[in-house]
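Got the model open and a selection box ready? Then follow along, one stop after another.

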Amino acid sequence: MRPAKALEPDRACPEQAGPEQTWPDQAWEVEAVLAWHDDNAKAAIRSLLDDCKHLRQQLALAESVMSRGMARGWAPRYERDAL
């Protein structure tokens, strides 16, 4: 595992963020992912797809061992809601 690179976003207080701002800054996140992969976009996409696959497997595992009563009727969804 490579050590984390020293990248820090310019963070404003979330209370001061207007409706046009997102928290955390999505543009910074994109730049951080590309920097982590030495500006190799294909490697960044592959890494993010691998993370997504891993998280879906973890969600399926959690769903299989979690009772309905524990989650009070909540069931995980594997797809995001359309924005």
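Start by selecting Asp 38, which is exposed at a relative accessible area of 54%. (Exposed means over 50% relative accessible area, buried under 20%, and partly exposed in between, with a 1.4 Å probe and protein chains only.) Asp 38 sits in the loop between helix H1 (26-36) and H2. Its phi is positive, about 50 degrees, although Asp 38 is not a glycine. For background, most residues other than glycine have a negative phi.

Before moving on, a word on what you're looking at: this is a predicted model, where local features need pLDDT of at least 70, side-chain atom pairs count only at pLDDT 80 or more, and totals for chains, interfaces and linings use all residues. Residues are numbered from 1 along each chain as its sequence is written, and side-chain values use heavy atoms, with hydrogens and water left out.

Now click on Asp 39. Is Asp 39 buried or exposed? Asp 39 is exposed, with 60% relative accessible area. Asp 39 also lies in the loop between H1 and H2, and its phi is positive too, near 60 degrees, in a residue other than glycine.

Next, pick Asn 40 and show its side chain. At the start of H2, a side-chain oxygen of Asn 40 comes to within 3.2 Å of the backbone nitrogen of Lys 42.

From there, select residues 41-65 to light up H2, a helix of 25 residues. (Helices are DSSP runs of H or I with at least four residues, strands are runs of E with at least two, and both are numbered from the N terminus.) Draw a distance from the first C-alpha of H2 to the last and you get 37 Å, close to the 36 Å expected at 1.5 Å a residue. That expected span is 1.5 Å times one less than the number of residues.

Stay in H2 and show the side chains of Arg 46 and Asp 50. What do they form together? Arg 46 makes a salt bridge with Asp 50, with the closest N and O atoms 3.1 Å apart. (The term covers a side-chain nitrogen of Lys or Arg within 4 Å of a carboxyl oxygen of Asp or Glu.) The two are about one helical turn apart, because Arg 46 and Asp 50 are 4 residues apart in helix H2. In general, an α-helix has 3.6 residues a turn, so residues three or four places apart point the same way. Arg 46 is partly exposed at 46% relative accessibility, and Asp 50 is partly exposed at 39%. The structure holds 1 salt bridge, so enjoy this one.

Two more residues of H2 make good stops:

- Ser 47 is in helix H2 and counts as partly exposed at 22% relative accessibility. Its C-alpha is 9.3 Å from that of Val 33, with the two positions 14 residues apart in sequence numbering.
- Ala 62 is in helix H2 as well, partly exposed at 35%. Its C-alpha lies 9.2 Å from the C-alpha of Pro 76, which is 14 residues away along the chain.

Finally, zoom out to the whole protein chain. You'll find 3 helices and 0 strands, running α-α-α from the N terminus on. How many of the 83 residues count as buried? The share is 7%. Turn on the surface, and about 7600 Å² is exposed, with carbon and sulfur atoms supplying 57% of it. (Accessible areas come from the Shrake-Rupley method with a 1.4 Å probe; for residues, only the protein chains shown count as cover.)

Technical notes: A polar contact is a pair of N or O atoms within 3.5 Å; within protein, one must be able to donate a hydrogen and the other to accept it, and residues adjacent in sequence count only if both atoms are side-chain atoms.
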